[in-house]
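Biologist: Let's go through this model by question and answer. Keep it brisk, and end each answer on what was asked.

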Amino acid sequence: LVGLRRGSTDGLFVLAWAVLPVVAAAGAGYMSPLMSGLAITHFVGVLAGALVLKSTRAWSWALVALTVATSLGILLTSQVSGGVLENLLQAAKEASAGAEGAQLQQLFSSEAQATGYLSWVSVISATLALVLGRWWQAMLYNPGGLREEIHNLRMPLPIAAIGMLLWIYCLVSEHYVFWGAVAAFPMLVAGIGLIHWLVARRGWGRGPLIALYVMLVIAALPLAGFLCGLALIDSWIDIRARTGNNRS
């Protein structure tokens, strides 16, 4: 919220105070390098998205900045901590959870899978935090502003095309499937924003939106593909503008 309202100087000051306890806990041995790296990555990703959103007033670039910053943070954490997968297996071993360790090995067959999964979860978490901060800011200074921004969210065509190509490429490799989801995440959010706009424009109430989020949990991959494809089409032809022109 401070980064969104006051900019980089005050935002970095708050970030430093937020990171300080994490660094102190890690230095004292109360937090593992992996957990401290995840926490710092989350803070940095949220602030990166907030600063870009403040400077550009565009959720599209804010999502790209947040995704890139968070992904780089996870990769750096993996290098510093000695590997995400190795740390998870070691934690399961120390907890005498042999069955859990076997499940982890089945779920993540490589370091790329483990880092991709953590990046995907971290990007979602950081985006929710940024949305919460923007919602607070809108309530304080611009009621209804967040709703308008989400309704108008539209990815630039080159970014949407690159994200779609990366996602399709990563889908053919089990080791990079989560990285594909990370690359396509800004498009997924843009697709969700377009559905929010359509529901509001048609006056359909909250029912379709509730169904959308339930389906994202039940059938995430097929629905994500549809939403990303919808976002790509919107980046190409601008569905909102065409709908407005047709109605006029």
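Modeller: First, a cut-off: buried means under 20% relative accessible area, exposed means over 50%, and partly exposed lies in between. Bear in mind that this is a predicted model.

Biologist: With that cut-off, is Asp-10 buried, exposed or partly exposed?

Modeller: The relative accessibility of Asp-10 is 26%. Buried needs under 20% and exposed needs over 50%. Asp-10 therefore counts as partly exposed.

Biologist: Which side chain does Asp-10 meet in a salt bridge?

Modeller: Side chains of opposite charge can pair when their charged atoms come close. Here the N to O distance is 3.2 Å. The partner has a relative accessible area of 58%, so Arg-6 is exposed. The side chain that Asp-10 meets is that of Arg-6.

Biologist: How many salt bridges does the structure hold?

Modeller: The pair of Asp-10 and Arg-6 is a salt bridge. Asp-238 with Arg-154 is another, and Asp-234 with Arg-240 is also one. For the structure, the count is four.

Biologist: How many residues apart are Asp-238 and Arg-154?

Modeller: Their side chains meet in a salt bridge at 3.9 Å, N to O. Asp-238 sits in the loop between α12 and α13, and Arg-154 in the loop between α8 and α9. The pair links distant parts of the chain, and the separation is 84 residues.

Biologist: What is the relative accessibility of Arg-154?

Modeller: Its partner Asp-238 is partly exposed at 23%. Arg-154 also counts as partly exposed. Its value is 31%.

Biologist: What is phi of Asp-238 near?

Modeller: Most residues other than glycine have a negative phi. Asp-238, in the loop between α12 and α13, has a positive value. Its phi is near 60°.

Biologist: In which loop does Arg-57 lie?

Modeller: Arg-57 is a residue other than glycine with a positive phi, near 60°. At 58% relative accessibility, Arg-57 counts as exposed. Its loop is the one between α3 and α4.

Biologist: Is Arg-240 buried or exposed?

Modeller: Arg-240 forms a salt bridge with Asp-234, with the closest N and O atoms 2.8 Å apart. Asp-234 has 3% relative accessibility, so it counts as buried. Arg-240 has a relative accessible area of 11%. That is under the 20% cut-off, so Arg-240 is buried.

Biologist: Are α3 and α4 roughly parallel or roughly antiparallel?

Modeller: Two packed helices are described by the angle between their axes and the distance between the axes. The axes of α3 (residues 33-56) and α4 (residues 59-81) come within 8 Å and cross at roughly 160°. Angles over 145 degrees count as roughly antiparallel. α3 and α4 are therefore roughly antiparallel.

Biologist: How many charged residues are in the contact of α3 with α4?

Modeller: On the α3 side, the contact residues include Leu-34, Leu-38 and Val-46. On the α4 side, they include Trp-59, Trp-61 and Ile-74. The division is 14 nonpolar, nine polar and, for charged residues, no such member.

Biologist: Which residues does Thr-77 contact, leaving aside neighbours within four places in sequence?

Modeller: Thr-77 is in helix α4. Its relative accessible area is 7%, so Thr-77 is buried. The residues in contact are Pro-33, Leu-34, Gly-37, Leu-38 and Thr-41.

Biologist: What is the relation of α3 to α7: parallel or oblique?

Modeller: The axes of α3 and α7 (residues 111-141) come within 9 Å and cross at roughly 45°. Angles under 35 degrees count as roughly parallel. The angle therefore makes α3 oblique to α7.

Biologist: How many charged residues are in the contact of α3 with α7?

Modeller: Residues of α3 here include His-42 and Ala-50. Those of α7 include Ser-122 and Arg-134. The contact divides into nine nonpolar, four polar and, for charged residues, one.

Biologist: How far apart are the C-alpha atoms of Ala-91 and Ile-239?

Modeller: Ala-91 is in helix α5 (residues 84-94). Its relative accessible area is 43%, so Ala-91 is partly exposed. Along the chain, Ala-91 and Ile-239 are 148 residues apart. Their C-alpha atoms are separated by 49 Å.

Key
Residues numbered from 1 in each chain as written. Predicted model: local features only at pLDDT ≥ 70, side-chain atom pairs only at ≥ 80, totals over all residues. Heavy atoms only, no water. Axes fitted to C-alpha atoms, helices over the stretch in contact; angles between N-to-C directions. Helix = DSSP H or I, 4+ residues; strand = E, 2+ residues; numbered from the N terminus. Parallel < 35°, antiparallel > 145°, perpendicular 65-115°, else oblique. Contact = heavy atoms within 4.5 Å. Nonpolar A, V, L, I, M, F, W, Y, C, P; charged D, E, K, R; others polar. Buried < 20%, exposed > 50% of the residue type's maximum accessible area, 1.4 Å probe, protein only.
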